[in-house]
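Visitor: Hello! I am in my first year, and I would like a close look at a single part of this protein. Could you walk me through it slowly?

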Amino acid sequence: MMSSFALFIVVLIYLALLFLVAHLAEKKKSKIWINNPYIYALSLAVYCTAWTYYGSIGVAATSGLNYLPIYIGPIMVIPAWIYINTRIVRISRVNKISSLADFISLRYGNSRSFSAIITLVCLFAIIPYIGLQIKAISETFHLVTETKFSQNILTDSGTFVVILIAVFSSYYGTKYVDASEKRLGIISAIALESFLKLFFIIILGLFVIYYAFDGFLDLYQKASKFPDFKAKNTFNGIEGAMNWMVLCMISGTAICILPRQFHTAIVENRQEKHIKTAIWFFPLYLLIFTIFIFPIAWGGRLIFNGQNVNPEFYSILIPQHFDNTLITVLVFLGGLSSCISMIIISAITLSIMLSNNLIIPYGLLGKFKAENEVQNTRNITNIRKFSIFGLIIVAFAFYKYFILKTSLDSVGLISFVIIAQLAPAFFGAIFWRRGSYHGAVAGLLAGLIICYFGLIIPQYYFSYNSELKGVLRDLYNAFQFFDISFLTRIPEIFFWSILVNTALFTILSVSMKGNYRERNFAELYVDIDKYIQNHENAFIWRGTAYVSDIQNILERFLGKKKTEQAMRIFNIKYNIDSQTETADSRFIKFSENLLAGRIGTASAKILIEGVTKEDKISLKEVLNILEESKENITLNKKLTEKSEELKQLSNDLSAANENLIVKDRQKDDFLDSVAHELRTPITAIRSAGEILADDDDIPLDIKREFLNNIITESDRLSEIINDILYLDNLQHGEIALNIQENNIIETYKKALNPILHLIQQKFIHVSEVDLLKHYQFEYDEARFIQLFQNILGNALKFTDEQGIIQTKLSEKDDNLIIKIFNTGKNIPEEDLEMIFDKFYQSKNQNIIKPTGSGLGLAISKRIIEAHNGTIKAENSGLGVTFTIILPKIKIADDDTEPEGFNRSSPG
């Protein structure tokens, strides 16, 4: 047993950890927090509350498979998020939407009354749900400490835990006055809680399976001996299947429409690509959670068989039964995580809706108009702080006086059914243009009335007044003929309420035309992909408005500096003169968006309407303007595409021009080099010839020496000219290759032998490394001899005496790899890519210019490219390595090792 004081200290430490995580995330704002798709996906697990942590275990123990739809419904719906949520995120982003109420009401003409109705629906649905979490915290606290429940609020330990959570939520939930801002600290703390509650349920599951029992098979065999085991773990015919299907629909709807899910999935989404991670990660999370519900539930039934205990708390009672305080406390913290995350996010979202859709538009707008930005910011923040604190306290009171004796499962499902009444208006908003305000409101109210009479009265009223007689009881009993025999109470009420809701929404929307503002937003919602880049252009507004009047309103909420900055951005975006006095529809929409995050879309509209005069527009005009807008957007898209094409073409031409300038400069350098190379032998020939012509008495041996010089220089001159012509022919593909199977080692030897004596004269050490498995390859042998001699000759020129030239031959991925290394001077990094260019002259030549035409490397590159191969140079430590790759090796039958070539290893 753990004392109340000790457990309270544990709770304090745990909350301090959440404070720390939230603080670090807000302060550092590093990529690990901001752009982490797994933080986003884990925050979605706020769906798993006390109901899923405790209630589903109770359902599994008492009703069998009925706990599964709560998980399977979302798993079936979540893959559709890649389309649905992507659209909703885009709509919310361009309209600065910060809550579910704003999202739905904006679509139906940005109606203040509709946003207020939606807010009230969410309050009535979620406050009992928050009370449910408080109930779980309080009861598990007393279970762990084995203390009695206290009717006195001031002496009840659960009261102090609730106050701590309320303080934490109030502080971190109101750090941003703009409700559409991303709450990085809160979301990071929620993600941590989601991880911990899953981790702790896994620990408990393994404890039950492998400590309380001898594995899953042992547990299953013992549980199967219960008389009701088979009935509870199979579908009960058509009745069971239909209930299952409806429960899946309830939970599938809830995962999209619950205010806390809307907030984490839509408002807190930083990048659309994070949804791609969420659609596989979150279902996997739910699946892992589900796996351990069965062994915990049936393990609890076996352990506490015949005892009067609440099966919803088997997760606490099982480790407590085995006197394992550590696991008991860990499970308690897991349940606390489930409860806290739901309370925090729900309280924040409800406070935003309460302030933006009820308190401000129906009470404080006039006051805000008269005060400055600092006062308004403080007022908005305080409203939300007191709203969060007050909502949690009201939920606590609701728990104490209404749901004290109610099961976790029933309260959760009723909240889901009530929230599901928003589904027709919600999904109609993004998929159906004809959906209207009157249809949405009528359908919603009708659905709520059915839920009130079918669920709320029996759950929270008759249960405390079971003997009540009178008109209300008779009225309730009069509707029993609507009972569906194969559905239980909650699925039955969900069926009728959604049926009537959807029918009224559809019929009234088709029979009654909405106003022009509804149709305008209908187009913006349904065709968001078309308008996302120019959404202000698609907003229809006609009337008289002055920039200065709107600017004054903006400054009262944003401040002068932020307002001027926003207006500067707007003017630049639409190329508008800053001296323009009148405002157009784009500026009206832009201004409403700036205000929407702080005071809600409906209040923003009211404020802007207060300083402008709008003309009425007929529905026909709206449709014509929208059609023109679509055409303009399409035209703008085409113009943008053409502009991008022209820009790309201009960049290509600019790059080509720069390349031509470089080539022209290289050509000039090359011609200078060629002229110099040609002048040198010509000068030597002319000098020797003049000496011989002027002096007839030259000794015979000197005359012979001059004649030999003439012959040598003539040969060099001929070599230069031949290399230039040969390179030109290679470049234009005028020399045919004689491709045959040849032995690469023999070819290399043929290339090396003629220059071997020159290498030996400089005392250069020559070695070969043979790593080949085969020796026959297809290539033009004459060209490869020339290639080898060019590379080896280049190595000879730049390698100092007593240096090293090493050739390594190997195979990799059907390619022949030849690496020729020499200990010559390193090539500058900027020259490595250009040394094979025929027009390139290195700036890093030796003082004594090497002999030869200077075209050997260019010729080598053309030869290997003609074989579809590659050549590259790279600095490697003490020298330079040339790597030649010849692809498409074909192995001949005769692969005998040639004589005179020593095989050796790389070492």
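Visitor: Which residue with a positive phi follows α7? Please start there and show me the surroundings as well.

Guide: Happy to! Please keep in mind that this is a predicted model. The residue you want is G109, which follows α7 and has a positive phi, near 85 degrees.

Let us step back to the helix itself. Helix α7 covers residues 100-107, and eight of its eight residues are buried, so we can call this helix mostly covered. You can find them one by one on your screen: L100, A101, D102, F103, I104, S105, L106 and R107 are the buried residues of α7.

Now move along the chain to N110. N110 sits in the loop between α7 and α8. Its phi is positive too, at about 55 degrees, although N110 is not a glycine. Is N110 buried or exposed? N110 counts as buried because its relative accessibility is 3%, and the cut-off for buried is under 20%.

S111 belongs to this loop as well, the one between α7 and α8, where α8 spans 112-145. With a relative accessible area of 12%, S111 is also buried. Its side chain has a partner in the backbone: the side chain of S111 reaches the backbone nitrogen of F114 at 3.1 Å. Setting aside residues up to four places away in sequence, S111 touches S105, Y437 and A602. One of those names should be familiar, since S105 is among the buried residues of α7.

From here we can follow α8 (112-145) towards another helix. V161 is found in helix α9, which runs over residues 157-172. V161 and S138 are 23 residues apart in sequence, yet their C-alpha atoms are 8.3 Å apart in space. V161 is buried, with a relative accessible area of 1%. What does V161 touch, leaving aside its neighbours within four places in sequence? The residues in contact with V161 are F8, V11, I137, F141 and L336.

For contrast, try F195, which has its place in helix α10 (residues 184-212). F195 counts as partly exposed because its relative accessibility is 46%. F195 and S43 are 152 residues apart along the chain, and their C-alpha atoms are separated by 9.2 Å. Another pair of this kind is L756 and L792, 36 residues apart in sequence and 9.7 Å apart in space, C-alpha to C-alpha. L756 lies in helix α33 and, at 25% relative accessibility, counts as partly exposed.

Just past that helix there is a useful companion to N110. F763 is found in the loop between α33 (744-761) and β4 (765-770). The phi of F763 is positive, near 55 degrees, and F763 is a residue other than glycine. Is F763 buried or exposed? F763 is exposed, with a relative accessible area of 59%, whereas N110 is buried at 3%.

Helices can also meet each other. The axes of helix α19 (residues 373-401) and helix α27 (residues 547-558) come within 6 Å and cross at roughly 55 degrees. That angle makes α19 oblique to α27. On the α19 side you will see E373, N376, T377 and I380, which meet E555, R556, F557 and L558 in α27. The residues of this contact divide into three nonpolar, two polar and three charged.

One more buried residue is worth finding. N356 lies in helix α18, residues 325-370, and counts as buried because its relative accessibility is 0%. The side chain of N356 makes a polar contact with the side chain of S355, at 3.3 Å.

Finally, let us zoom out to the whole chain. The secondary structure comes to 35 helices and nine strands. Buried residues make up 53% of the 907 residues. Among contacts between residues at least 6 apart in sequence, 83% join residues at least 24 apart. The accessible surface comes to about 41600 Å², and 58% of it belongs to carbon and sulfur atoms. Now you can return to G109 after α7 and to the buried loop residues N110 and S111 with the whole chain in view.

Methods:
Residues are numbered from 1 along each chain as its sequence is written. This is a predicted model: local features need pLDDT of at least 70, side-chain atom pairs count only at pLDDT 80 or more; totals for chains, interfaces and linings use all residues. Side-chain values use heavy atoms; hydrogens and water are left out. Helices (H or I, at least four residues) and strands (E, at least two) are DSSP runs, numbered from the N terminus. Buried means under 20% relative accessible area, exposed over 50%, partly exposed in between (1.4 Å probe, protein chains only). Contact means heavy atoms within 4.5 Å. Accessible areas come from the Shrake-Rupley method with a 1.4 Å probe; for residues, only the protein chains shown count as cover. A polar contact is a pair of N or O atoms within 3.5 Å; within protein, one must be able to donate a hydrogen and the other to accept it, and residues adjacent in sequence count only if both atoms are side-chain atoms. Axes are lines fitted to C-alpha atoms, for helices over the stretch in contact, and angles run from 0 to 180 degrees between N-to-C directions. Angles under 35 degrees count as roughly parallel, over 145 as roughly antiparallel, 65 to 115 as roughly perpendicular and the rest as oblique. Ala, Val, Leu, Ile, Met, Phe, Trp, Tyr, Cys and Pro count as nonpolar, Asp, Glu, Lys and Arg as charged, and the others, Gly among them, as polar.
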